[in-house]
Amino acid sequence: MNAYEEYMKQLANGMRSELTEHGFQSLENAESVKTYFNNINENETTFVVINSVCGCAAGLARPAAVTVATQNPKKPNHLVTVFAGQDKEATETMREFIAQAPSSPSMALFKGQSLVHFIPREHIEGRPVEEICMDIKEAFDDHCE
């Protein structure tokens, strides 16, 4: 690993832990993403955060995701994350399930393996964190128990 890759890995660790310390399962390779989705019940919901180091959008996405995932009365059954630029194969595999244009950071809500809501980077960047929280909350309220 070169110095740049090591620096980025260290930088990403804190950003990854912002989510994992609040119950998000980190899927770090393609096999873990496939195994996750192959074992999910069709009636269960999963909230996915595609994390990134982008300060302008990810710095809003992570706090919004954590806030709603921990405080909203209606919550998904599962919380998972992949890290764009770090967990490259996991992110690529997750994007196959999402089937939307690549976007990081972004957030997706699944019911079983079906995508029911997607929030791309352009709906995160430059918006107040409260508005992003409301977008997530509405998706949870519409699709979660």
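## Working through the fold, step by step

Helix H2 (residues 30-38) and helix H4 (residues 88-98) have axes that come within 7 Å and cross at roughly 35°. Helices (H or I, at least four residues) and strands (E, at least two) are DSSP runs, numbered from the N terminus. Axes are lines fitted to C-alpha atoms, for helices over the stretch in contact, with angles from 0 to 180 degrees between N-to-C directions.

You're looking at a predicted model, so local features need pLDDT of at least 70 and side-chain atom pairs count only at pLDDT 80 or more, while totals for chains, interfaces and linings use all residues. Residues are numbered from 1 along each chain as its sequence is written, and side-chain values use heavy atoms, with hydrogens and water left out.

**Exercise 1. Find which residues make the contact of H2 with H4, and say what kinds they are.**

Step 1: contact means heavy atoms within 4.5 Å. On the H2 side, pick out Ala30, Val33, Lys34 and Phe37.

Step 2: on the H4 side you'll find Glu89, Ala90, Thr93, Met94 and Phe97.

Step 3: sort them by type. Ala, Val, Leu, Ile, Met, Phe, Trp, Tyr, Cys and Pro count as nonpolar, Asp, Glu, Lys and Arg as charged, and the others, Gly among them, as polar. That gives six nonpolar, one polar and two charged residues.

**Exercise 2. Work out the order of the strands in the sheet, then follow E4 to its partners.**

Step 1: two strands pair if DSSP finds at least two bridges between them. The five strands line up as E1-E3-E2-E4-E5 in an open sheet with mixed pairing.

Step 2: look for the edges. Strand E1 (25-26) and E5 each pair on one side only.

Step 3: go from E2 to E4. These two run antiparallel and are joined by six bridges; Val49 has Met107 in E4 as its bridge partner.

Step 4: now E4 (residues 106-111) and E5 (residues 114-119). This pair also runs antiparallel, with five bridges. Lys111 is bridged to Ser114, and Phe110 stands opposite Leu115.

Step 5: check the turn. The hairpin has two residues between the strands, and there Gly112 takes a positive phi near 65°.

Step 6: see what lies across the sheet. Helix H3 (residues 58-71) lies across strand E2 (45-51), strand E3 (78-83) and E4, running at about 160° to E2.

**Exercise 3. Is E4 mostly covered or mostly open, and which residues touch the most others in the largest nonpolar core?**

Step 1: buried means under 20% relative accessible area, exposed over 50%, and partly exposed in between (1.4 Å probe, protein chains only). Five of the six residues of E4 are buried, so the strand is mostly covered.

Step 2: a nonpolar core is a set of buried Ala, Val, Leu, Ile, Met, Phe, Trp, Tyr and Cys residues joined through side-chain atoms within 4.5 Å. The largest one has 24 residues, and Phe24, Phe47, Met107, Ile124, Ile136 and Phe140 touch the most other members.

Step 3: E2, H3, E4 and H5 each give two or more residues to this core, and H3 has the largest share, with seven.

Step 4: there's also a second, separate core of 16 residues, including Val33, Phe37, Val48 and Val80.

**Exercise 4. Explain why Cys133 and Cys144 form no disulfide with each other.**

Step 1: a disulfide is a covalent bond between the sulfur atoms of two cysteines. The rule here asks for a pair of cysteine sulfur atoms within 2.5 Å.

Step 2: the sulfur of Cys144 is 15 Å from the closest cysteine sulfur, in Cys133, so they are too far apart for a bond. The disulfide count is zero.

Step 3: look at the surroundings of Cys133, in helix H5 (residues 129-143). Setting aside neighbours within four places in sequence, Cys133 is in contact with Ala64, Thr67 and Val68. Ala64 is 69 residues from Cys133 in sequence, yet their C-alpha atoms are 5.0 Å apart.

Step 4: compare accessibility. Cys133 is buried at 13%, and Cys144 is buried at 5%.
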